[in-house]
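Subject: Structure handover

Hello,

Here is the structure I said I would pass on, with my notes below it. Please read the notes with the model open beside them.

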Amino acid sequence: MLIVFEGIDGSGKTTLSNRVARELRQAGLRVRHVREDGKLASPVSEGLRLFTKNPLHLALTPMAELLLYSARETQLLEEVTRPALAEYEVVIADRFLYTAEVLARWGRGLPEHTVRPVVDACTRGLRPERVFLIDVDPAIARARRRISKLLAPDTGAPSSRKGLAGAGMQTRLRVGYRALAAESPEQWTLIENTDVTLEALVTQLTQEVLRMVRGGEPGTPSSTPRAPTPPRSADEARASFLERVDRWMEEEPGLAAWFLSGLEGVDIDERRERLATRCPELIAHGLAGLTDASAWDLRARLEQAAPVQVLGSLKAPAAESPQAWALRERWEQRAPEAVAASLDGLGSEQAWAMRERLHGRFPEPVVTSLTGLGDARAWVLRERWLSQRGGQAVLGQEKVARIACRSIRGVDDAPAWDWRERAWEVAPDAVLRTLEGLDSERAWALREQHAGRASRLVLESLRGLNNPRAWALRESFGVSCEEALESFEGMDGATAWRLRQALADTWPAATVKSMGPLASSARGQELISRLLTEHPRDFALLRQAARVAAHPGQERRHATA
């Protein structure tokens with residue numbers, strides 16, 4: 001019996017499939033999981049997975065990608081899955097060829113008549129007895145992935161190539177999975193993984209498989225949750241948002257802590273206090289940029305438990321405050337790399353003095369802190385670091401290239417372009433990230449050449465740019481990439497409002513975020529109210545509306561203690 005778990009990245013399918021496999025073994029069944037603990041049982045398939053994930057392969061076309069994803073799953077199917085079906089009572093797969101189909105059709109836009117023959121040829125008639133679609137709001141799935149990344153040791157691995165298409169990719173893939181499930185309800189079971197505990201889901205899924213093995217009738221598929229009563233205003237959205245957070249505080253405190261990030265108000269402070277000892281790293285991370293007395297008090301109390309995250313929270317407007325410098329000085333000897341990273345983009349004399357003290361022992365975090373700085377002092381440090389690594393030739397090594405690109409982000413002079421050219425062959429995605437805010441002809445040529453392959457990076461680099469070329473790119477890719485909206489946050493011109501209105505129902509949360517302080521205007525409040533009514537299940541929208549709501553203690557925010 002073949003059981004498949006499908007769903008978008010971060011849906012929980014890997015965790016659930018592994019837990020269910022263990023539970024079935026404890027129940028006495030012979031079980032083979034072909035992706036035990038997240039690693040494909042076929043070395044060939046694992047190699048293909050790493051190849052397709054690597055952003056170095058930026059130029060990979062949709063058709064080539066489909067063939068590679070299909071090859072990955074076919075190799076696993078022929079090498080491991082089919083033989084296991086002859087030996088084990090239950091074979092579990094975390095993903096199947098449905099992944100290749102959904103990515104090709106809904107992710108990349110290839111037509112069904114092109115994709116289906118490829119998938120059918122690979123399966124050779126094999127169909128899973130059950131496909132569990134682990135369904136979750138993409139915003140929640142994305143948060144879970146980011147939490148794992150924040151809490152895990154830094155491996156230095158680059159972002160996934162699939163992520164270069166932007167956050168909207170996961171939304172499209174979710175639509176695709178749900179469409180396949182609707183086509184074959186007798187085979188697919190939709191499992192909601194938003195407000196259900198892990199243990200409850202493991203029990204539900206294990207019992208369902210046991211019923212199938214023992215010849216019982218399949219369980220009733222999970223129904224779509226009843227639509228909540230939509231909030232009618234930002235204030236009601238804030239209440240609904242906090243109600244959801246309060247449930248997570250008991251069931252999934254890390255998620256509650258994550259979604260409090262960057263929010264302000266006495267009601268938010270109270271919840272941070274309750275989570276501080278349980279999730280110190282996440283609460284500290286969520287203080288980024290906050291400058292009120294409560295935020296500084298929490299930093300002081302959390303700095304022993306989570307010094308890296310506390311130092312990482314020293315973003316503008318908190319970055320150059322007296323409290324920030326006192327914090328850096330306390331940790332300069334104990335966490336020098338995190339201190340150096342906290343200097344990102346700072347050009348004050350205090351920042352330069354601290355860089356000079358740290359550069360000899362920790363040159364790399366010092367060099368990466370030079371983001372946006374193109375003056376002579378910055379280039380002296382960059383060249384000193386590069387000469388210590390072996391000179392210009394080492395820019396052809398991926399690790400060195402990525403460090404170099406972080407350092408020259410937002411720098412538009414000739415040496416920066418020389419570094420970009422040398423780094424392109426090994427880290428093209430990192431090079432595209434360096435274009436943030438640049439308005440030169442060379443920057444535009446690179447953007448326009450690669451916008452179709454890395455739309456998220458290109459659109460993110462448009463932040464703050466208000467010219468016809470920027471608006472043309474936003475309009476071209478806005479329907480598929482919500483980062484188009486985020487790139488003009490706070491802009492109040494006619495073009496900005498026209499694009500917001502055009503994309504509002506495609507990306508409601510990003511639309512609200514794009515308004516920035518304009519969300520409090522009459523025009524902004526009217527748009528928020530309409531979106532809340534028409535998209536009541538969109539949690540990311542709920543959070544963005546909660547951010548702009550009037551709340552207790554609002555009058556004291558951003559007041560430096």
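The second largest pocket holds about 340 Å³ of space. This is a predicted model, and the pocket, like everything below, comes from computation on it. The lining consists of 19 residues, and those nearest the centre of the pocket are P62, R108, A165, G452 and R453. Sorted by class, the lining has 9 nonpolar residues, 5 polar ones and 5 charged ones.

Strand 1

Strand 1 covers residues 2-6, and 5 of its 5 residues are buried. The side chains alternate: L2, V4 and E6 point one way, while I3 and F5 point the other way. Both sets are buried, E6 included.

Which strands pair with strand 1? One is strand 3 (residues 90-94), which runs parallel to strand 1 and is joined to it by 4 bridges. In that pairing V4 stands opposite A93. Another is strand 4 (residues 130-135), again in the parallel sense and over 4 bridges. There, E6 of strand 1 is set opposite L133.

Helix 20

Helix 20 runs from 398 to 407 and is mostly covered, with 7 of its 10 residues buried. Those buried residues are V400, A401, R402, I403, A404, C405 and S407. What covers them? The cover includes helix 18 (363-368), helix 19 (376-389), helix 21 (414-423) and helix 22 (428-433).

The loop between helix 14 and helix 15

Two places in this loop are worth a look. S313 sits in the loop, which lies between helix 14 (307-312) and helix 15 (322-331). S313 counts as buried because its relative accessibility is 0%, and the cut-off for buried is under 20%. The side chain of S313 makes a polar contact with the side chain of R299, at 2.8 Å. R299 also appears among the contacts of S313 beyond four places in sequence, together with A284, L287, A288 and G289.

P317 lies in the same loop, between helix 14 and helix 15. The peptide bond that joins A316 and P317 is cis, with omega at about 5°.

Two arginines with positive phi

R95 and R124 can be read side by side. R95 has phi near 90°, a positive value in a residue other than glycine. R124 is not a glycine either, and its phi is also positive, at about 50°.

Buried or exposed: what is the setting of R95? R95 is in the loop between strand 3 and helix 4 (97-107), and its relative accessible area is 7%, so R95 is buried. R124 is in the loop between helix 5 (112-123) and strand 4. With a relative accessible area of 54%, R124 is exposed; the cut-off for exposed is over 50%. The loops of both residues adjoin a strand that pairs with strand 1: strand 3 in the case of R95, and strand 4 in the case of R124.

S487

S487 is in the loop between helix 26 (483-486) and helix 27 (494-503). Its relative accessible area is 2%, so S487 is buried. A polar atom of the S487 side chain lies 2.8 Å from the backbone oxygen of A484. Whereas the polar contact of S313 is with a side chain, that of R299, the S487 side chain has a backbone oxygen as its partner. Beyond its neighbours within four places in sequence, S487 is in contact with L459, L462, R463, G464 and R474.

G254

G254 belongs to helix 10 (residues 253-259). Why does G254 count as buried? The relative accessibility of G254 is 18%, and buried means under 20%. Setting aside neighbours within four places in sequence, G254 is in contact with I147, C279 and L282. The C-alpha atoms of G254 and L275 are 8.5 Å apart, with the two positions 21 residues apart along the chain.

Regards

How values were computed
Residues are numbered from 1 along each chain as its sequence is written. This is a predicted model: local features need pLDDT of at least 70, side-chain atom pairs count only at pLDDT 80 or more; totals for chains, interfaces and linings use all residues. Side-chain values use heavy atoms; hydrogens and water are left out. Buried means under 20% relative accessible area, exposed over 50%, partly exposed in between (1.4 Å probe, protein chains only). A polar contact is a pair of N or O atoms within 3.5 Å; within protein, one must be able to donate a hydrogen and the other to accept it, and residues adjacent in sequence count only if both atoms are side-chain atoms. Contact means heavy atoms within 4.5 Å. On a 1 Å grid over the protein atoms alone, a cavity is a set of points where a 1.4 Å probe fits but cannot get out, and a pocket is an open set with protein on both sides within 12 Å along at least five of seven lines; lining residues have an atom within 4 Å of a point. Grid points are joined across faces, edges and corners, and a volume is the space filled by probe spheres set on the points. Ala, Val, Leu, Ile, Met, Phe, Trp, Tyr, Cys and Pro count as nonpolar, Asp, Glu, Lys and Arg as charged, and the others, Gly among them, as polar. Two strands pair if DSSP finds at least two bridges between them.
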